Amino acid sequence: MSNTTTPATPRDQSTPKHGGKNRRDRANWPITIVLIVASLTVLVPLYVTVSMSLKTTEQAVSGNAFSLPWPINFSSFAQAWAMTDFPRAFTISVLVTVATVAGTIVLASLASYAIVRNWDRRLFRWSFFYLLATMFLPFPVVALPQIKLTGIVGLDNPAGVALLHIMFQLSFSILLYTAFLRSIPDELEESAKLDGASTWQTFWKLIFPLLAPMSATVGIFAFLISWNDFMMPSLITSDPSLQTLPVLQNIFQTQFSNSYNVAFASYLMAMAPAIIVYLFTQRWVMSGVTQGAIK
Amino acid sequence: MTTTNLNPSSPPSRRRFLAGMGAAGALAALSGCGTSAGSARTEVTFYETKPEAIPYFTGLAKNFTSSQERIRVIHDASSSLSASFVRRNPPDLGCLNYNLEMARFMERGALSDLSDMPATSRMRPNVQQLVNQYAIYPGRTSVLPYSVAAASVIYNKRIFAEHNLSVPATWEDMIEVCEKLTAAGVTPIYSTFRDPWTVAQGLFDYTVGGMVDVAAFYDRMDELGTEVGPQSDVSFQKTLLQPVTRMMKLAGYSNKDAPARGYGEGNTAMAHGKAAMYMQGPWAFGEIAKAGTDVDLGTFPLPMTDDPADRKVRVNIDLSLWIPEMSTVKEEARKFLSFLMQPKIQNAYNKEFLAFGTTKDAPPATDPRIAQMQDYYDKGRFYMGASQFIPRTIPAENYIQAIANGASIEGTLRRLDQDWARLAFRQ
């Protein structure tokens, strides 16, 4: 599909099944169709979400999720806004998420740096395995002790949630960072040290900027986990006025009742930051993923 | 971070500074807002999560707060109840559905005694008795029922009138009604087998409750415990065999696409008159009304025997009030409880949410959709759903769903017995 050095072959001349050196010049129809179908899996639910949020309650329960919302009705947004106390819940969600992302990036990169550069020492090697082992411990397993602990030390609030989010993100982020750090040559650091930089300065002035693509990846993962998490805030936070958005949205759907239009309006408002963040950072996410994969 | 060596020749890294400040600032801000603005009022946390009633109770909490100077009621609709008990800061007043899960708190003495409250003496004895069917804590009245939801077969009055059908009073009548409707090309029963709970709380509870003394059955089942099996005097495979066989007879009159239909679709279908009967509780009325059609619905208890006097309605404690032992402001919580129990407030709630009052002086239900059940309720001809007595550890709803979708009745009930005995052995 992209421009290449081979002279462009007119598309109508070649048959799609013909492979060989000119393949890149033509649209690969089988792959394109697969991609179109795959993109439908995202677009169809998105369409339902948007159209549902613009429906009235009567239209929402008409039994046809795909029907166009007409006349368009924006009152669901107002209702969702009021029922979740959106500005407050949104602020708390943002604070928890920002703290999680910042904390994860800083802690995980520092830890990974220490581990990779001291790999020949047993303490650091084993601490790496120890951290990796925590990946096999999902939150529900330790939920009850965590509830008790956070309650005892006064962290039964969003600060405790952010702290736990950081802890649970640490192992995966360190795994990503260490793989990436191994690809950075020692010589770079040696030259920095020759110029008189301390270890601390080497890290912040040399290594951390080099880690930027991986930090973006780690940050996005931390963002998504923290922003979308339901279980941890619902169990840890004790003051209902400090609850995050996903937990408050739970009131829209229960066993006995559904308010599709209000729920989807609320979901859409909660989704917006995730989509916006992704739009602006997808370049780094993708590059970060590949850089981690190929050493 | 700040104590580490800084080369004097280089200024602190801006990025590092920002990162540090950001993390510290965010955490400080988050933990800082935990304390609310100081005031002389005592705060009482009121826990109520029934979604459709949240605005209603928030309004009541506000009214109460402004009616006096000492107490501020905070409505909590989102916390996790179990977590709050684990953390030892449960809500001061709970107002929620009373079920087997909630009974576990009561059984272990986590709920305080309310027997000296004036409201307790106004309770209907047979309603207060319902609380004790799950579990008891000796010598205490820990839970006050606030509203009772009575459930029976929802039927479309217009369809019944069109085909000259009257409400069935015996099992044979019921089958006849279904046959006539089928012959006339009308779907007799709208079933939603995709949602397991709808089968359990609908068809299963109605058929079992209509034939078996549910409370006595589970009393005996609890006594037997590990002994439950093919040889025991009561068991799922023996006692429930006939009701469940009849349940499958009724299930045969369902819409053909029942296995693929859920609760939401069922409500939409009933709103548009797609079937004559629907095995759901009063909670479905609110959902059916959302479609905005002028469907005319009523309710009748499912007749399961040949004796019209055997007909009963299914009830559950829709909302109940309790105050945890751990609460530090019990006196204040009791004040709000008394406020909620005032006849004009309690009756208004029950009227609005299609439930029945729990006090002796409660007025009868007037809404035509549920008024037909008032007589059964007054005479105590009711039972609590059989599916509600089985601990969640046993996937009973899924077993019942499997039966509805064609699994062996004997085999599945035998499996329920085995699960029951195994659970009793573990405890």
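Where does B:Thr393 lie in chain B? Select it to start: B:Thr393 sits in the loop between β9 and α17 (396-404) of chain B. Here helices (H or I, at least four residues) and strands (E, at least two) are DSSP runs, numbered from the N terminus.

Before moving on, a word on conventions. This is a predicted model, in which local features need pLDDT of at least 70 and side-chain atom pairs count only at pLDDT 80 or more, while totals for chains, interfaces and linings use all residues. Residues are numbered from 1 along each chain as its sequence is written, and chains are lettered from A and ligands numbered from 1 in the order in which they are written.

**Stop 1: two exposed residues of chain B**

Stay with B:Thr393 and look around it. B:Thr393 counts as exposed because it has 11 C-beta neighbours inside 10 Å. The cut-offs are these: a residue is buried if 20 or more other C-beta atoms lie within 10 Å of its own, exposed if 12 or fewer, and partly exposed in between, with C-beta atoms placed from the backbone. Now add B:His163 to the selection; 230 residues separate it from B:Thr393 along the chain, and their C-alpha atoms are 45 Å apart.

Next, select B:Gly59, which you will find in helix α2 (residues 54-67) of chain B. Is B:Gly59 buried or exposed? B:Gly59 has 11 C-beta neighbours inside 10 Å, so it counts as exposed. Draw a distance from B:Gly59 to B:Tyr399: the two are 340 residues apart in sequence and 41 Å apart in space, C-alpha to C-alpha.

**Stop 2: the whole of chain B**

Zoom out to chain B. Its C-alpha atoms fill a box of roughly 95 × 50 × 50 Å along the principal axes. Colour by secondary structure and you should find 18 helices and 9 strands. Of the 427 residues in chain B, 45% are buried. Contacts here mean that the C-beta atoms of two residues, placed from the backbone, lie within 7 Å. Among contacts in chain B between residues at least 6 apart in sequence, 79% join residues at least 24 apart.

**Stop 3: the two domains of chain B**

Now give each domain its own colour. Chain B is assigned domain 1 (42-149 + 316-384) and domain 2 (158-315 + 392-426); such bounds come from an automatic or database domain assignment. The centres of these two domains of chain B, taken over C-alpha atoms, are separated by 28 Å. Where they touch, domain 1 of chain B brings 20 residues and domain 2 of chain B brings 18 residues.

Which elements should you highlight on the domain 1 side? At least two residues each come from β4 (144-156), α16 (374-378) and β9 (382-384) of chain B, and β9(B) gives the largest share, 3 residues. By class, this side of domain 1 of chain B holds 13 nonpolar, 3 polar and 4 charged residues. In this count, Ala, Val, Leu, Ile, Met, Phe, Trp, Tyr, Cys and Pro are nonpolar, Asp, Glu, Lys and Arg are charged, and the others, Gly among them, are polar.

**Stop 4: over to chain A**

Hide chain B and show chain A. Its secondary structure comes to 13 helices and 0 strands. Buried residues account for 35% of its 295 residues. Among contacts in chain A between residues at least 6 apart in sequence, 74% join residues at least 24 apart.

Chain A is assigned domain 1 (11-53) and domain 2 (78-293), and their C-alpha centres lie 34 Å apart. The contact takes 4 residues from domain 1 of chain A and 6 residues from domain 2 of chain A. On the domain 1 side of that contact in chain A there are 2 nonpolar, 2 polar and no charged residues.

**Stop 5: helix packing in chain A**

Select helix α7 (residues 158-181) and helix α10 (residues 212-228) of chain A: they pack at an angle of about 155°, with axes 10 Å apart. Therefore α7(A) is roughly antiparallel to α10(A). Axes are lines fitted to C-alpha atoms, for helices over the stretch in contact, and angles run from 0 to 180 degrees between N-to-C directions. Angles under 35 degrees count as roughly parallel, over 145 as roughly antiparallel, 65 to 115 as roughly perpendicular and the rest as oblique. Show side chains at the contact, including A:Phe172 and A:Leu176 of α7(A) and A:Val218 and A:Phe221 of α10(A).

Finally, add helix α5 (residues 122-133) of chain A, whose axis comes within 8 Å of that of α7(A) and crosses it at roughly 130°. That makes α5(A) oblique to α7(A). Here A:Phe128, A:Leu131 and A:Leu132 in α5(A) meet residues of α7(A), among them A:Leu170 and A:Ile174.
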